[in-house]
Amino acid sequence: GLAALCEVAAVGEVIGVRDLGFALGPRINASGRIGDYTLGAKLMASDDPEEALALAQELDRYNTQRKDMQTGILEAALPEARAQAEAGAKCIVVAQEGWHPGVIGIVAGKIKEELELPAFVIGSYKGRWTGSGRSIAGVNLGHHIHQAVEAGLLLKGGGHAMAGGLGIDRARFEDFRTFINSAASKDIAALGGRPAYDVHALVSV
């Protein structure tokens, strides 16, 4: 299975960290995000070269679909995200019907990286609104999601300091946006008004 996936993903004989993170991993993961979540396990368990190749090709197609979905949502979300940041928001919250829940977390991460602010992307699937968030150091997203659940702003939610997920009623979007912006604003103020960064080394040039 792994050999077939390397062939489809054009990975050479020597597999590096980048291959694992950007070529093989995303393909194994793609079907679970937007399609049949069993395909990755079937691929890795297969000892039939023909079956493995067919599965690898299917995973590759799913990965292409995932990237197309991700690009479309990001292009739709960024203008609103930038507008919120320019208006002084300390946590970005963007939502739209039809955004697939399998890729909104990736998009939230992209928005967080560009704007250096915590970000939530919320989409609907089969009538249910779900969101995924990514944070910056110093803003404990999981804690604030838990607070929002306790306050009745969310139907469900959880996570850790840097990421979390939630379920929400459409009527509570603005209430949640107000709450999470207030919480993030206090956290960022405690950091001196700017994001925190972990410095691993100092380099002189």
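Helices in this account are DSSP runs of H or I with at least four residues, numbered from the N terminus. In the predicted model, the helices α1 (2-8) and α2 (17-34) are joined by a loop in which Ala10 has its place. The phi angle of Ala10 is near 60°, a positive value in a residue that is not glycine. Ala10 counts as exposed, because its relative accessibility is 68% and the threshold for that class is over 50%.

A second non-glycine residue with positive phi is Glu116, for which the angle is about 55°. Glu116 is situated in the loop that runs between α5 and β2 (119-125). With a relative accessibility of 39%, Glu116 is classed as partly exposed, since that value falls between the limits of 20% and 50%.

As a whole, the protein chain comprises seven helices and five strands, which follow one another from the N terminus in the order α-α-α-α-β-α-β-β-α-β-β-α. Taken along the principal axes, the C-alpha atoms of the protein chain fill a box of roughly 55 × 55 × 30 Å. Of the 205 residues in the protein chain, 39% are buried. Among contacts in the protein chain with a separation of 6 or more, 58% are accounted for by residues 24 or more positions apart.

Two helix pairs were examined in terms of their packing. Two packed helices are described by the angle between their axes and the distance between the axes. Helix α4 (residues 49-86) packs with helix α5 (residues 104-115) at an angle of about 40°, and the axes of the two helices lie 9 Å apart. α4 is therefore oblique to α5, and the crossing of these two helices is right-handed. On the side of α4, the contact is made by Arg66, Gln70, Ile73, Leu74, Ala77, Leu78, Ala81, Arg82 and Ala85, while α5 contributes Ile106, Val107, Lys110, Ile111, Glu114 and Leu115. When sorted by class, the residues in the contact of α4 with α5 comprise 10 nonpolar, one polar and four charged residues.

The other pair consists of helix α6 (residues 141-150) and helix α7 (residues 173-190), whose axes come within 11 Å and cross at roughly 140°. On account of this angle, α6 and α7 are likewise oblique to each other, and α6 passes α7 in a right-handed crossing. The residues that meet are His144, Gln147 and Ala148 in α6 and Phe176, Phe179, Ile180, Ala183 and Asp187 in α7. The contact of α6 with α7 is divided into five nonpolar residues, two polar residues and one charged residue.

In soluble globular proteins, nonpolar side chains tend to be buried together. In the present model, the largest nonpolar core holds 52 residues, of which Ile92, Val94, Ile111, Phe120, Val121, Ile168 and Phe176 touch the most other members. The element that gives the most to this core is α4, with 10 residues. Two of the residues named for the core also occur in the helix contacts: Ile111 of α5 takes part in the contact with α4, and Phe176 of α7 takes part in the contact with α6. Ile168, when residues up to four places away in sequence are not counted, touches Ile122, Trp129, Leu153, Leu154, Leu155, Phe173 and Phe176.

How values were computed:
Residues numbered from 1 in each chain as written. Predicted model: local features only at pLDDT ≥ 70, side-chain atom pairs only at ≥ 80, totals over all residues. Heavy atoms only, no water. Axes fitted to C-alpha atoms, helices over the stretch in contact; angles between N-to-C directions. Parallel < 35°, antiparallel > 145°, perpendicular 65-115°, else oblique. Left-handed = near helix turned anticlockwise from the far one by under 90°. Contact = heavy atoms within 4.5 Å. Nonpolar A, V, L, I, M, F, W, Y, C, P; charged D, E, K, R; others polar. Core = buried A, V, L, I, M, F, W, Y, C linked by side-chain atoms within 4.5 Å. Buried < 20%, exposed > 50% of the residue type's maximum accessible area, 1.4 Å probe, protein only.
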